Amino acid sequence: MKALRLFLAGCAALVSLGASCSADPLQTGTEKPTTEQKGDEQGQAGSGVPEKPESNGSKTLLVWYSFTGNSTAIAKALRAHASVDALEIKPAEEGLDYAANNYAIGSSLISAIRKNPSSAASYPAIKEVEVSFDDYDTVIVVTPLWWSQMAAPMQSFLFKYGGKMAGKTIGLVVTSSSSGISGVEQDAKRLVPQGSFLSESLWIRSAQVGSAAELTAAWYDKMFPGNNENASMKVTITAGGKSFTAEIEDSETGKAFMGKLPLTLEMTELNGNEKYCYGVSLPRNDKHYDQIEAGDLMLYSGDCIVLFYGSAGGYNYTRIGKVADVTGLANALGNGSVNVKFEKQ
Ligand SMILES: Cc1cc2nc3c(=O)[nH]c(=O)nc-3n(C[C@H](O)[C@H](O)[C@H](O)COP(=O)(O)O)c2cc1C
């Protein structure tokens with residue numbers, strides 16, 4: 001059974017990402033990173049060998065850069081709400097006015113990166129930082145937008161350390177006057193190619209910074225419900241036109257799963273008792289299960305979501321959660337591959 005699933009997973013990876021297992025477009029964490037995506041020219045990721053996730057720790061690091069103070073206010077609001085360690089990024093050259101002369105300096109920094117994003121020389125120097133990435137499983141990046149891109153000093157930080165964030169959950173909070181933040185999201189994914197990005201970034205316009213406390217709290221509680229005692233750990237699973245409720249474990253794995261929702265997976269049939277989908281990396285804490293029951297939602301090998309609709313046993317899994325009432329689950333999942341949507345309640 002296990003060998004068959006591994007073989008099928010290999011096939012899925014060979015065919016193309018998402019061919020047998022697709023997820024919502026913003027869910028980059030659901031794709032298996034390739035060596036090519038790692039950006040070998042980046043200082044930290046030059047070996048060409050895929051790095052293993054380094055998420056031994058369970059803390060959150062908030063990293064911010066601010067030129068005119070908005071990101072600092074946002075970072076402060078987040079720190080007041082959530083238990084995070086914080087790190088400010090500062091340009092090596094002090095006192096530069098990036099907005100002077102119609103944003104001349106900011107503009108030239110961004111064009112240098114656009115011209116040659118894989119060269120370290122394109123990124124402005126920042127002050128040295130001391131951070132032990134092993135302590136963190138989550139990094140929240142708070143940054144301004146410059147010319148529809150991530151502000152240059154934050155790009156410098158991620159260029160240097162993005163490789164150390166492989167496998168970590170990455171949250172993005174962006175402030176701009178009015179421009180949309182998709183370019184900043186793309187920068188983040190280019191600079192942290194193996195990050196497991198949250199399903200939603202938070203965009204705070206300059207005019208909204210006064211409401212940073214409410215906006216950041218609502219976003220944080222939605223993205224990290226396990227860190228908020230009042231938040232629900234229930235998800236709705238929809239397949240074949242029917243919906244079921246699953247209780248998600250109050251564990252590192254369960255919380256990371258909640259952080260990836262909503263998620264739609266094309267799940268593959270196996271053995272008449274389970275549907276599975278590779279490509280969703282979550283923290284792993286496997287144990288041997290002699291008996292698996294219908295409704296068990298499990299993580300196999302750290303990146304395979306398995307939903308059982310019949311009993312099984314004898315393999316190592318990390319439990320993600322359990323469907324409370326499995327009446328009609330087998331019928332809804334059907335005999336073959338099926339699209340299954342997981343969303344928060
Ligand atoms: C060099 C530079 C370029 C900017 N480009 C844009 C832009 O293209 N679109 C926009 O809406 N805001 C732009 N802004 C405004 C900032 O994104 C916005 O004021 C943000 O809230 C500033 O955050 P901070 O106070 O943390 O620096 C730019 C600001 C600077 C300094």
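A residue counts as near a molecule if its C-beta atom, placed from the backbone, lies within 6 Å of it; helices and strands are DSSP runs, numbered from the N terminus. The exercises below concern a predicted model.

**Exercise 1. The shell around the ligand**

Determine which helices and strands each supply at least two residues of the shell around the ligand, and how the residues of the shell divide by polarity.

*Solution.*
1. There are 21 residues around the ligand, and S66, N70, S71, G106 and P144 come nearest.
2. Two helices, α2 (70-81) and α3 (100-115), each supply at least two residues of the shell, as do the strands β3 (136-146) and β5 (169-176).
3. Strand β3 gives the largest share, three residues.
4. By polarity, the shell holds 13 polar residues and eight nonpolar ones, with no charged residue.

**Exercise 2. The backbone at Y103, S148 and P262**

Establish where Y103, S148 and P262 are found, and describe the backbone geometry of each.

*Solution.*
1. Most residues other than glycine have a negative phi, and most peptide bonds are trans.
2. Y103 is not a glycine, yet has a positive phi of about 65 degrees. Y103 is found in helix α3.
3. A residue is partly exposed if its count of other C-beta atoms within 10 Å falls between the limits of 12 or fewer for exposed and 20 or more for buried. Y103 has 15 such atoms and is therefore partly exposed.
4. S148, also not a glycine, has a positive phi of about 65 degrees. S148 lies in the loop between β3 and β4 (149-150). With 15 C-beta neighbours inside 10 Å, S148 is partly exposed.
5. The peptide bond from L261 to P262 is cis, and its omega is near 5 degrees. P262 belongs to the loop between α7 (252-259) and β10 (263-270).

**Exercise 3. The length and buried face of α6**

Compare the expected span of helix α6 with the distance between its end C-alpha atoms, then locate its buried residues around the helix axis.

*Solution.*
1. Helix α6 covers residues 212-223, twelve residues.
2. The expected span is 1.5 Å times one less than the number of residues, which gives 16 Å for α6.
3. The end C-alpha atoms of α6 are 16 Å apart, in agreement with that expectation.
4. The buried residues of α6 are A212, L215, T216, W219, Y220 and M223.
5. Viewed down the axis of α6, these buried residues fall within an arc of 120 degrees, so they line one face of the helix.
6. The buried residues of α6 pack against α2, β5, β7 (202-205) and α7.

Notes. Residues are numbered from 1 along each chain as its sequence is written. This is a predicted model: local features need pLDDT of at least 70, side-chain atom pairs count only at pLDDT 80 or more; totals for chains, interfaces and linings use all residues. Helices (H or I, at least four residues) and strands (E, at least two) are DSSP runs, numbered from the N terminus. Ala, Val, Leu, Ile, Met, Phe, Trp, Tyr, Cys and Pro count as nonpolar, Asp, Glu, Lys and Arg as charged, and the others, Gly among them, as polar. The arc is that of the directions from the helix axis to the C-beta atoms. Two residues are in contact if their C-beta atoms, placed from the backbone, lie within 7 Å.
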